[in-house]
Amino acid sequence: MAIQFDPGTRTFVLRTRNTTYQMQVDGRGRLLHLYYGRAIGTGDLVGLYPPADHGFSPDWYPFRLMRGVSPDVLPLEYTGFNVGDFRLCCVIARDANGAAGADFLYESHEILPGKYSLAGLPAAHDEDNEAETLCIRLRDPINGLELTLFYGVFADQDVITRAARLTNGGAGVIRLEKAASLCLDLPFGRWDLIHFHGRHAMERQMQRVPLSNDIQTVSSTRGASSHHHNPFVILCDHQATEEHGLCYGVMPVYSGSHRTDIEVDQNGLVRLVSGIQDQGFSWTLEPGAQFDAPEVLLACSADGLGALSRIYHRFLRRNICRGQFRFARRPVLINNWEATYFDFNTEKICHIAEKAAALGVEMLVLDDGWFGKRDDDNSGLGDWYVNENKLPGGLRPLIARINALGMKFGIWIEPEMVSEDSDLYRAHPDWALALPGRAPAMGRNQLVLDLGRPEVVDYLAERIRTLLRDNPINYVKWDMNRNMSDVYSRVLPPDRQGEAAHRYMLGVYRLLETLTGEFPDVLFEGCAGGGGRFDAGMLAYFPQIWCSDDTDAIERLTIQYGTSFGYPVSAMGAHVSACPNHQTGRSTPLWTRAVVAMSGTFGYELDLNRLSEEEAAEVTAQIETFKRDYRLIQDGDYYRLTDPAEEPRFVAWEFAAPDQALINLVVTHPEANARPLHLWLRGLDPDALYRVERLDLHGCARVCDETVPEETPARLGAVFSGSTLMYAGYTLPQLFGDYPSVQMHLVRLADAAARA
Ligand code: GLA
């Protein structure tokens, strides 16, 4: 049993393979959080927080004479509001009197096999029957607000999911002004916060800062999880490294505006509160109504950041992604966006597809511009009907030609948006979000449809259903190219406008649930101007998400590095594009571009007809390499070998499986009189022997004054023990030129051979 309850002490203990989570109902009925961290045995942990009279920290009423029992200093599992705890709160609930107070007391609990689910929200699933659920019910006896805390324990995976349900069990209306998913009070210690900030075309830049004696916030108010602040944070020991030290991950399964606050309190205790963004939020609960706050995935590792990442990689692939594609090899695709932008027709697309097919590409994706009046990004969104000026006869003849080349066909859509210049907007101007009497701010000259309205979701479902039924489409790229401003829904009453942004997300999820359910054979890729909605919520519908609109291989190294802290490579959409790169103007070798894109879903986004014969042959070799290494890349354990903040010369990473490993390295800053490219490998069996099976040096004009021919074969076949490669390391040949790269494949020798 992963979940235990001791009725004598009213203690809950949740155990995963390497962690323990402990809570206790105290004598007054409050649910204290006592511990979350590396596995521990039994012992009374209440003693960690002895009563102490702290000035200006008020006592609960029954203790007013005794002093020292204050909600302001105790670690709590989910905090109330306005009843004596001045730290971050989880909920603000206002009753019919206008009074905002909340204080939850334990009522009952249940331990259930399997995993709870949340109505209308994505959440971890338990297809392999490995989870247990704990539901703890608490209640505020004064206003009747009921709180159900959910815990999903995935013991073998070292993940605990949490969620909170608020139900109005009273007689009057309650208005929620904040409803977080969880509170996590962490033990004393010296913690760093790691978060992933960025901007369009430069997402998920890892930043590590020490916690200070204030409140640090990672949040989005954009109606999307955003390019700017990814909904994933890590708290780690100040000493923690890739390989060592305690770290906690907190990842909301939510794609809208989110907020995570971290406060260091007066005693040095750390409180983290995470959930839906409360700025502009409110939710009215009539008697009997309930509100589900989104799920959050908690993971804890005592073995450093690398191990924490690998927990999330496995969990997101297995228990968040769904359907046939979560473990499947995705087709190597060619996308026409950077090849043609809006300027294409059937012939041009077929010309690109023919070359791609000849080189081994498996699917063509027709990007933006195939529908409505869409020759630039000022019009057409919402009119999901084929533009027959560009594609005479519609999609079918085009798809038939693509299929005849032996390729699958995919298409781009952006259903949540509408252009003012579109038939849809002319028919339903009120479907767009806009504040009454105000000209809305325009993003990419487009507006956001109010998916909080059921008829809008139904309309979009029908339109896309028809598109997918009428045409043999294998893949859909689902885009979302602006953030949400002017949030106001014309169908909500004035006092419920604070619900509009979350109702929008519930509408998006309903639409995605409907379509991905009806079309299980279609591979969906998420996108929001690149990685503007790269989050666990979206991964429940899209097993892959376009990582960034920045396709420059060198910039992608830091984007994919940051992304890798929380998300698996199977989720990272990555393509080889043309050089000079369209976003940065930089030129990188074709092979280096492929090495970077192969650590993702892998595809091309350029007109392959423009390549030289030699380059075209490279493309075929790249696709073969990717197909050969695919299982190792996708199923192997991912190791970051370098930290860009400490190693400016190159970036290296590794995929390790029990029987082999693939080491990748890209030189980002070539040096004169260069220092050695030395790596310490990871994830190998120290006692096993490994042979250098392949050593591909890519894109180097010269290696040590043309020593390549001698050097590479000399290194092939060399055998090292895992311990040698991990503890003494391996020095790669010197590489020369602009942004060269290396792939080194190691194969573990069978034990008999190793002994021989
Ligand atoms: C977004 C996407 C791009 C492309 C364009 C089309 O920016 O991220 O890949 O699809 O939209 O307009």
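**Close-up 1. Polar contacts of the ligand with Asp-368, Arg-444 and Lys-477.** In the side chain of Asp-368, an N or O atom sits 2.6 Å from an oxygen atom of the ligand. The model is predicted. For Lys-477, the distance from a side-chain N or O atom to a ligand oxygen atom is 2.7 Å. Arg-444 places a polar side-chain atom 2.9 Å from an oxygen atom of the ligand. On its own, the ligand has 310 Å² of accessible area, and the protein covers 96% of that area.

**Close-up 2. The shell of residues around the ligand.** The ligand has 13 residues around it. Those that come nearest are Asp-367, Asp-368, Arg-444, Lys-477 and Asp-549. By residue class, the shell holds 6 charged, 4 nonpolar and 3 polar residues.

**Close-up 3. Packing of helix 9 against helix 10.** Helix 9 spans residues 553-563, and helix 10 spans residues 590-598. Their axes lie 9 Å apart. The packing angle is about 20°. Angles under 35 degrees count as roughly parallel, so helix 9 and helix 10 are roughly parallel to each other. The crossing of helix 9 with helix 10 is left-handed.

**Close-up 4. Crossing of helix 6 and helix 7.** Helix 6 covers residues 454-470, and helix 7 covers residues 500-518. The two axes come within 10 Å. They cross at roughly 25°. Helix 6 is therefore roughly parallel to helix 7. This crossing is right-handed.

**Close-up 5. The cis peptide bond between Cys-579 and Pro-580.** Omega for this bond is about -5°. Most peptide bonds are trans. Pro-580 belongs to the loop between strand 29 (575-577) and helix 10. Helix 10 is also the partner of helix 9 in the left-handed crossing of Close-up 3.

**Close-up 6. Ser-226 and its positive phi.** Phi at Ser-226 is about 90°. Ser-226 is not a glycine, yet its phi is positive. Most residues other than glycine have a negative phi. Ser-226 is located in the loop between strand 13 and strand 14. Strand 13 runs over 215-219, and strand 14 runs over 233-237.

How values were computed
Residues numbered from 1 in each chain as written. Predicted model: local features only at pLDDT ≥ 70, side-chain atom pairs only at ≥ 80, totals over all residues. Heavy atoms only, no water. Near = heavy atom within 4 Å. Polar contact = N/O pair within 3.5 Å; in protein donor to acceptor, adjacent residues only side chain to side chain. Areas by Shrake-Rupley, 256 points an atom, 1.4 Å probe, with all protein chains shown as cover. Nonpolar A, V, L, I, M, F, W, Y, C, P; charged D, E, K, R; others polar. Axes fitted to C-alpha atoms, helices over the stretch in contact; angles between N-to-C directions. Helix = DSSP H or I, 4+ residues; strand = E, 2+ residues; numbered from the N terminus. Parallel < 35°, antiparallel > 145°, perpendicular 65-115°, else oblique. Left-handed = near helix turned anticlockwise from the far one by under 90°.
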